[in-house]
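I opened my notebook to record a walk through this model. Here is what I looked up, entry by entry.

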Amino acid sequence: MTTNQLISEIKKKQSFLCIGLDVDLNKIPLHLLKEEDPIFAFNKAIIDATHHLCVAYKPNTAFYEAYGLKGWKSLEKTINYLNEKHPEIFTIADAKRGDIGNTSTMYAKAFFEDLAFDSVTVAPYMGKDSVEPFLAFKDKHTILLALTSNQGAFDFQTKTVDGKELYKQVLETSKTWENSENLMYVVGATKAEYLADIRQIIPDSFLLVPGVGAQGGNLQDVCKYGMNSQVGLLINSSRGIIYASKGTDFAQAAAVKAEELQKQMEEILSAQSR
C-alpha cells in the first residue's frame with residue numbers, strides 16, 4: 001500500500017484509527033476457547049465488527065509467537081483474511097525487529113513477502129545497515145521506534161548526547177538513509193508534549209501513536225501537536241477496544257469503543273478542514 005492510498009482511506013472513513021490485535025488467551029471470551037483456532041476466531045470477529053471504523057490493524061507478533069507454531073498459524077490466517085477481505089486496510093506487523101543486514105533482509109522477507117504485511121516496526125539501535133534492508137521493499141513501510149510510550153523510554157531515548165536528545169538524532173539520521181521516504185515512526189501518545197519538536201524534524205512522515213486509552217494518552221493533545229496537512233497519524237488502541245467485553249457480545253462492544261474514537265477523529269478532521 002502506498003502512502004497516498006493510506007491517506008485516501010483516512011479521508012474516506014474519516015478515521016485514522018489503528019486497532020491492535022494483541023490476543024491473550026487468558027483475556028478472550030471463554031466460549032471462544034472451544035473453537036479450533038480461538039485466536040483467529042477472536043480476530044475475525046473483531047475485524048468483521050470494526051473494519052469500517054479503522055484504517056489499520058496491528059498484530060503484535062509476541063502475542064502469537066508465545067503460542068508456538070499454532071500462534072504463528074493464527075497470525076498467518078489473520079493477515080490472509082485481512083488481505084483477502086479488506087485489502088484497503090493498512091496492516092502493521094508489530095515485530096520490533098532489527099539486526100545486521102543479511103538477517104534484517106530475512107526478517108523483511110518474512111513479513112513483507114511471506115506474510116504480505118504492509119509495514120513492520122523496527123528498532124533503530126543497530127543503525128543504518130540494520131534498517132535499510134527493510135526500506136528496500138517497494139510500497140512497503142518501515143516504522144522506526146523513535147520515542148516510545150513506556151517509562152523505560154527515559155533510560156536512553158531522551159538522554160542528551162553531544163547537546164541533543166538521542167531520539168532527535170535518530171530522527172535526523174534516519175532521513176539520510178536510502179529509501180527513507182518509506183519510513184514511518186513510532187511516537188508514544190504519553191509523549192505528546194514532544195510531538196511539536198518531532199514535527200520540526202519530520203514534518204511530512206506518518207507517526208504510529210500507541211498509548212491512547214489504556215496507557216493514558218490523550219487523543220486531542222496528540223492531534224494538536226502531531227497532526228500535519230495530510231493527517232500523518234495512525235492512533236493505535238488495543239486493549240481499550242478488543243477487550244471491551246468478555247461476553248458473547250465482545251465484538252459488538254469492541255465496535256462501540258472503536259466508534260467512540262472514530263467519531264472523535266471525525267470531529268478533529270472536520271475542524272482541521274474548516
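**Entry 1: helices α5 and α6.** Before reading any helix pair, I noted that axes are lines fitted to C-alpha atoms, for helices over the stretch in contact, and that angles run from 0 to 180 degrees between N-to-C directions. I also kept in mind that this is a predicted model. With that settled, I looked up α5 and α6: their axes lie 8 Å apart and the packing angle is about 30°. Since angles under 35 degrees count as roughly parallel, α5 is therefore roughly parallel to α6. I noted the crossing of α5 and α6 as right-handed.

Next I listed who meets whom. From α5 I wrote down Gly-101, Ser-104, Thr-105, Tyr-107, Ala-108 and Phe-112, and across from them in α6 stand Asp-129, Ser-130, Pro-133 and Phe-134. Sorted by class, the contact of α5 with α6 comes to 5 nonpolar, 4 polar and 1 charged residues.

**Entry 2: the surroundings of α6.** I asked myself how many residues of α6 are buried. The count is 6 of 8 for this helix, residues 128-135, so I put α6 down as mostly covered, with buried meaning under 20% relative accessible area. The buried ones are Ser-130, Val-131, Glu-132, Pro-133, Phe-134 and Leu-135. I was pleased to find Glu-132 on that list, and copied it down with the others.

What covers these buried residues of α6? I found that the cover includes the helix α5 (101-114) together with β3 (90-97), β4 (119-122), β5 (141-147) and β8 (183-187). The helix α6 lies across β3, β4, β5 and β8, and runs at about 145° to β5.

**Entry 3: the barrel.** Those strands sent me to the sheet. In which order do the strands close into a barrel? I traced 8 strands as β1-β2-β3-β4-β5-β8-β9-β10, with parallel pairing. From one strand to the next, the twist averages 30°.

I then checked β1, residues 17-20, from both sides. Leu-17 and Ile-19 are buried on one face, and Cys-18 and Gly-20 are buried on the other, so that both faces of β1 are covered, by the under 20% cut-off. Along one edge, β1 runs parallel to β10 (residues 233-237), joined by 3 bridges. There, I found Ser-237 of β10 as the bridge partner of Ile-19. β1 also runs parallel to β2, again through 3 bridges.

**Entry 4: Ala-56.** I followed β2 to one of its residues, Ala-56. Is Ala-56 buried or exposed? I found a relative accessible area of 0%, which makes Ala-56 buried. Ala-56 has Cys-18 standing opposite, and in β3 the bridge partner of Ala-56 is Phe-90. The strands β2 (residues 56-58) and β3 pair in the parallel sense over 2 bridges.

Setting aside neighbours within four places in sequence, I listed the contacts of Ala-56 as Leu-17, Cys-18, Ile-19, Ile-89, Phe-90 and Ile-92. I also looked up one distance: Ala-56 and Ala-153 are 25 Å apart in space, C-alpha to C-alpha, and 97 residues apart in sequence.

**Entry 5: helices α2 and α12.** For a second helix pair I took α2 (residues 38-50) and α12 (residues 250-273), whose axes are 8 Å apart at an angle of about 45°. The two helices are therefore oblique to each other. I logged the crossing of α2 past α12 as right-handed. On the α2 side the contact is made by Phe-42, Ala-45, Ile-46, Ala-49 and Thr-50, and on the α12 side by Phe-250, Ala-251, Ala-254, Ala-255 and Ala-258. The class count for this contact is 9 nonpolar, 1 polar and no charged residues.

**Entry 6: two side chains from these helices.** I looked up Asn-43, which lies in α2. Asn-43 is buried, at a relative accessible area of 0%. Not counting residues up to four places away in sequence, Asn-43 touches Leu-21, Val-23, Tyr-64 and Thr-78.

My last stop was Gln-262, in α12. Gln-262 is buried as well, at a relative accessible area of 6%. With residues up to four places away left out, Gln-262 touches Lys-13, Gln-14, Ser-15 and Leu-53.

Terms used: Residues numbered from 1 in each chain as written. Predicted model: local features only at pLDDT ≥ 70, side-chain atom pairs only at ≥ 80, totals over all residues. Heavy atoms only, no water. Helix = DSSP H or I, 4+ residues; strand = E, 2+ residues; numbered from the N terminus. Parallel < 35°, antiparallel > 145°, perpendicular 65-115°, else oblique. Left-handed = near helix turned anticlockwise from the far one by under 90°. Contact = heavy atoms within 4.5 Å. Nonpolar A, V, L, I, M, F, W, Y, C, P; charged D, E, K, R; others polar. Buried < 20%, exposed > 50% of the residue type's maximum accessible area, 1.4 Å probe, protein only. Pairing = 2+ DSSP bridges.
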